[in-house]
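Subject: Structure handover

Hello,

Here is the structure I promised to pass on. Please open it first, then read the notes below.

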Amino acid sequence: MASREASQAPLEFGGPLGVTAMLILLPATMFHLLLAARSGPARLLALPAYLPGLEELWSPRALLLLFIWLGLQVALYLLPARKVAEGLELKDKSRLRYPINGFQALVLTALLVGLGVSVGLPLGALPGMLLPLAFATTLTSFIFSLLLYAKALVAPASALAPGGNSGNSVYDFFLGRELNPRLGSFDFKYFCELRPGLIGWVFINLALLMQEAELRGSPSLAMWLVNGFQLLYVGDALWYEESVLTTMDIIHDGFGFMLVFGDLAWVPFTYSLQAQFLLYHPQPLGLPMALLICLIKGLETIPTATGRQLLVSGWWGMVRHPNYLGDLIMALAWSLPCGLSHLLPYFYLLYFTALLVHREARDEQQCLRKYGRAWQEYCKRVPYRIIPYVY
């Protein structure tokens with residue numbers, strides 16, 4: 001029955017044809033951004049001046065570094081946690097348990113990296129390895145997704161995700177068949193959601209800052225701002241790690257290539273685009289403009305919904321998804337230190353706008369099914385979705 005109901009669910013992302021295109025376009029876009037950031041023109045909409053050969057992309061050293069990084073994060077995940085939280089109730093009425101120790105992993109990683117740098121670890125050399133690291137991570141994402149797909153073939157029907165059990169192998173490979181694939185108590189999706197990619201993003205940024213200091217004597221104010229803003233974002237996400245247990249990624253989406261590649265590759269190598277751009281294209285930034293950008297960044301405190309009740313006051317009385325509005329304002333604040341001469345650093349803002357509009361549409365359908373008439377009444381009282389008086 002579960003399989004038949006899932007197969008009747010509407011297909012997302014354009015169905016099998018759409019996800020086949022995304023299997024190609026997502027890695028291609030990531031590599032385009034990496035190449036564009038280091039090119040002279042730094043044009044978002046132009047083809048790269050050159051395409052690297054396999055000898056530039058494949059590096060056993062990069063693959064080894066990736067596995068060391070993943071192994072470190074697995075080890076930190078398995079350490080005793082300050083808290084163990086229960087997820088939402090599953091189809092079989094059970095609840096999974098999750099260690100809440102992501103912030104602890106960030107701090108311990110910082111201590112280990114700091115110790116390594118103090119004894120000669122060449123962290124500043126990491127920017128020169130981004131292409132082969134991205135290639136190794138992409139290859140690993142494909143292989144890992146295949147293993148997850150194979151594991152899901154023998155999973156019970158109650159363990160399958162609502163949308164990743166269509167019967168089309170390409171579509172299910174992309175969305176993910178199993179909702180919470182685990183090995184014992186180790187939850188693969190929960191681990192990947194906020195650990196290796198998000199923490200890796202912070203240290204790629206730090207490596208870019210150190211490389212800029214080596215090239216120019218000291219990091220620029222713009223580079224400091226980008227590093228500071230994004231560290232604050234990651235630290236906040238890991239400090240409130242438990243809130244991820246109520247997100248669509250955890251409670252609805254299967255764990256397939258979409259999330260595997262997004263968590264492991266897209267986040268660290270694409271979200272660090274502003275810092276990459278600043279390393280190769282330094283931008284003047286005065287103190288008054290920096291202070292203005294910091295004021296914009298201060299709007300990060302727009303709250304996020306984690307409860308079960310429908311709020312109709314405060315920010316939720318103005319738009320139905322104020323947390324998405326906060327994400328867009330933060331994305332703008334991260335991009336402004338890069339100046340206005342290039343579109344490339346604003347890719348994250350453009351991409352995130354498209355992502356959140358799509359996710360908001362998915363949220364609307366989920367909330368309508370969950371709350372019924374209460375949600376319809378809420379939509380009448382709060383007509384704007386993300387931006388007041390605009391959308």
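A cavity is a set of grid points where a 1.4 Å probe fits but cannot get out, and its lining residues have an atom within 4 Å of a point. Keep in mind that this is a predicted model.

**Cavities**

How many cavities of 30 Å³ or more are there? The count is two.

The largest cavity holds about 50 Å³ of space. Its lining includes Ser 145, Leu 148, Tyr 149 and Ala 152. Asp 172, Phe 173, Gly 176, Arg 177 and Glu 178 also line the largest cavity. Pro 181, Phe 255 and Gly 256 complete the list. H6 and H7 are the elements that give two or more residues to this lining. The largest share is from H6, with four residues. By class, the lining of the largest cavity has six nonpolar, three polar and three charged residues.

The second largest cavity holds about 30 Å³. Glu 12, Ala 161, Gly 163, Gly 164 and Leu 175 are among the residues lining the second largest cavity. So are Gly 176, His 252, Asp 253, Gly 254 and Arg 362. Here the classes split into two nonpolar, five polar and three charged. Note that Gly 176 appears in the lining of the largest cavity and in that of the second largest cavity.

**Salt bridges**

Side chains of opposite charge can pair when their charged atoms come close. The structure holds six salt bridges. Three of them, including one with a residue from the largest cavity, are described here.

Start with Lys 151 and Glu 178. Their closest N and O atoms are 3.2 Å apart. This pair links distant parts of the chain, 27 residues apart. Lys 151 sits in helix H6 (residues 130–152). Glu 178 sits in the loop between helix H7 (169–175) and strand E3 (182–183). Is each partner buried or partly exposed? Lys 151 is partly exposed, at 29% relative accessibility. Glu 178 is buried because its relative accessible area is 8%, and the cut-off for buried is under 20%. Glu 178 also lines the largest cavity.

Next come Arg 195 and Glu 241, with the closest N and O atoms 2.9 Å apart. Arg 195 lies in the loop between helix H8 (188–194) and helix H9 (196–216). Glu 241 lies in the loop between helix H10 (221–239) and helix H11 (248–251). The pair therefore ties together parts that are 46 residues apart in sequence. Arg 195 is buried, at 0%. Glu 241 is buried too, at 1%.

Then there are Arg 216 and Glu 212. The closest N and O atoms are 3.2 Å apart. Both are in helix H9, four residues apart, so about one helical turn separates them. Arg 216 is partly exposed, at 38%. Glu 212 is buried, at 1%.

**The second largest pocket**

This pocket has a volume of about 680 Å³. It is lined by 26 residues. Leu 65, Trp 69, Leu 123, Leu 126 and Leu 133 lie nearest its centre. Helix H4 (60–77), helix H5 (102–118), H6, H9 and helix H12 (257–270) each supply at least two lining residues. H4 gives the largest share, seven residues. By class, the lining of this pocket has 22 nonpolar, three polar and one charged residues.

Best wishes

Terms used. Residues numbered from 1 in each chain as written. Predicted model: local features only at pLDDT ≥ 70, side-chain atom pairs only at ≥ 80, totals over all residues. Heavy atoms only, no water. Salt bridge = Lys/Arg side-chain N within 4 Å of Asp/Glu carboxyl O. Buried < 20%, exposed > 50% of the residue type's maximum accessible area, 1.4 Å probe, protein only. 1 Å grid on protein atoms, 1.4 Å probe; cavity = no way out; pocket = protein on both sides within 12 Å on 5 of 7 lines; lining within 4 Å. Points joined across faces, edges and corners; volume = space filled by probe spheres on them. Nonpolar A, V, L, I, M, F, W, Y, C, P; charged D, E, K, R; others polar.
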